[in-house]
Amino acid sequence: MQQIDSTQVTDNFISLIGKEWMLITAGNLSSFNTMTASWGAVGYLWNRPVAFIFVRPERYTFEFIERNDRFTLSFLGDTHREAYKICGSRSGRNTNKIEEANLHPLATPSGLVTFEEARLTLDCQKIYATPIQKDSFIDPAIYKQCLRDFLQVGNFTFCHFQEV
């Protein structure tokens, strides 16, 4: 695992998140959960590199994100589409989806969890969290169209990037 500075990452995060997807993982090797996400962003805010994630409160991973100050975003590549599908459709409460997805957990230098299969992992520190409010939408059609998904915004996060 090679650590790199965030300014060295040249990937197109619009394609990575929207088309490839990512795994959001919180906890440590002894107790963690992961989920697939296709919503989010990476950019620059408050004079630092940030990632935005969105996690509904009923997701098991949400509990881990709430309990921990840090989490990872792992990008496996298109060849792991089935692992993404498993981690996005099964709950860690009811099944060992990591085993089902044939993923191999690996500790990051900071003690977080990524996977041997990840080609890129962002090590993130939470800096802001807030629920999404219906009344804050300028375009009500967006809220109406995606009502079930707009229950909770996860976190604005400060990220230290690592290439795996």
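Here are some questions and answers on the helices, core, salt bridges and backbone of this predicted model.

Residues are numbered from 1 along each chain as its sequence is written, and side-chain values use heavy atoms, with hydrogens and water left out. As the model is predicted, local features need pLDDT of at least 70 and side-chain atom pairs count only at pLDDT 80 or more, while totals for chains, interfaces and linings use all residues.

Q: Which residues of helix α2 are buried, and how wide is the arc they fall within?
A: Helix α2 covers residues 60-67 (helices are DSSP runs of H or I, at least four residues, and strands are runs of E, at least two, numbered from the N terminus). Its buried residues (under 20% relative accessible area; exposed is over 50%, partly exposed in between, with a 1.4 Å probe and protein chains only) are Thr61, Phe62, Phe64 and Ile65. They line one face of the helix, because seen down the axis of α2 (taking directions from the helix axis to the C-beta atoms) they fall within an arc of 160 degrees.

Q: Which residues on the other side of α3 are exposed?
A: Start with the buried set in α3 (residues 81-89): Ala83, Tyr84, Ile86 and Cys87. Down the helix axis these fall within an arc of 165 degrees, so they line one face. As a rule, an α-helix has 3.6 residues a turn, so residues three or four places apart point the same way. Over on the other side of α3, the exposed residues are Glu82 and Ser89.

Q: Which elements do the buried residues of α3 pack against?
A: Packing here goes by contact, meaning heavy atoms within 4.5 Å. The list mixes helices and strands: α1 (13-20), β2 (22-28), β3 (31-37), β6 (70-75) and α4 (97-100).

Q: How far apart are the C-alpha atoms of tyrosine 84 and glutamate 20?
A: Tyrosine 84 lies in helix α3 and is buried, with a relative accessible area of 0%. Leaving aside neighbours within four places in sequence, tyrosine 84 is in contact with several residues, including Glu20, Trp21, Thr36 and Phe75. Tyrosine 84 and glutamate 20 are 64 residues apart along the chain, yet their C-alpha atoms are separated by 8.9 Å.

Q: Which residues have the most contacts inside the largest nonpolar core?
A: A nonpolar core is a set of buried Ala, Val, Leu, Ile, Met, Phe, Trp, Tyr and Cys residues joined through side-chain atoms within 4.5 Å. The largest one here has 35 residues. Leucine 103, one of the top-contact residues, touches Leu23, Leu76, Ala83, Cys87, Ile98, Phe115 and Glu117, not counting residues up to four places away in sequence. The full list is Phe13, Ile24, Ile53, Leu73, Phe75 and Leu103.

Q: How many disulfides does a search of the whole structure find?
A: A disulfide would need a pair of cysteine sulfur atoms within 2.5 Å. Cysteine 87 is buried at 0% relative accessibility, and cysteine 124 is buried with a relative accessible area of 0%. The search's count of disulfides is zero.

Q: Which residues are linked with Arg119 in a network of salt bridges?
A: A salt bridge is a side-chain nitrogen of Lys or Arg within 4 Å of a carboxyl oxygen of Asp or Glu, and the count comes to seven. Arginine 119 and glutamate 20 meet in one of them at 3.5 Å, N to O, and this pair links distant parts of the chain: arginine 119 in the loop between β8 (113-115) and β9 (120-128), glutamate 20 in helix α1, 99 residues apart. Arginine 119 is partly exposed at 32%, whereas glutamate 20 is buried at 7%. The residues networked with Arg119 are Asp11 and Glu20.

Q: What is the N to O distance between glutamate 63 and arginine 93?
A: Glutamate 63 is partly exposed at 29%, and arginine 93 is partly exposed at 43%. Their side chains meet in a salt bridge, with an N to O distance of 2.6 Å.

Q: Where is the phi of asparagine 47?
A: Asparagine 47 sits in the loop between β4 (40-45) and β5 (48-53) and is exposed, with a relative accessible area of 70%. Its phi is a positive value in a residue other than glycine, near 65 degrees.
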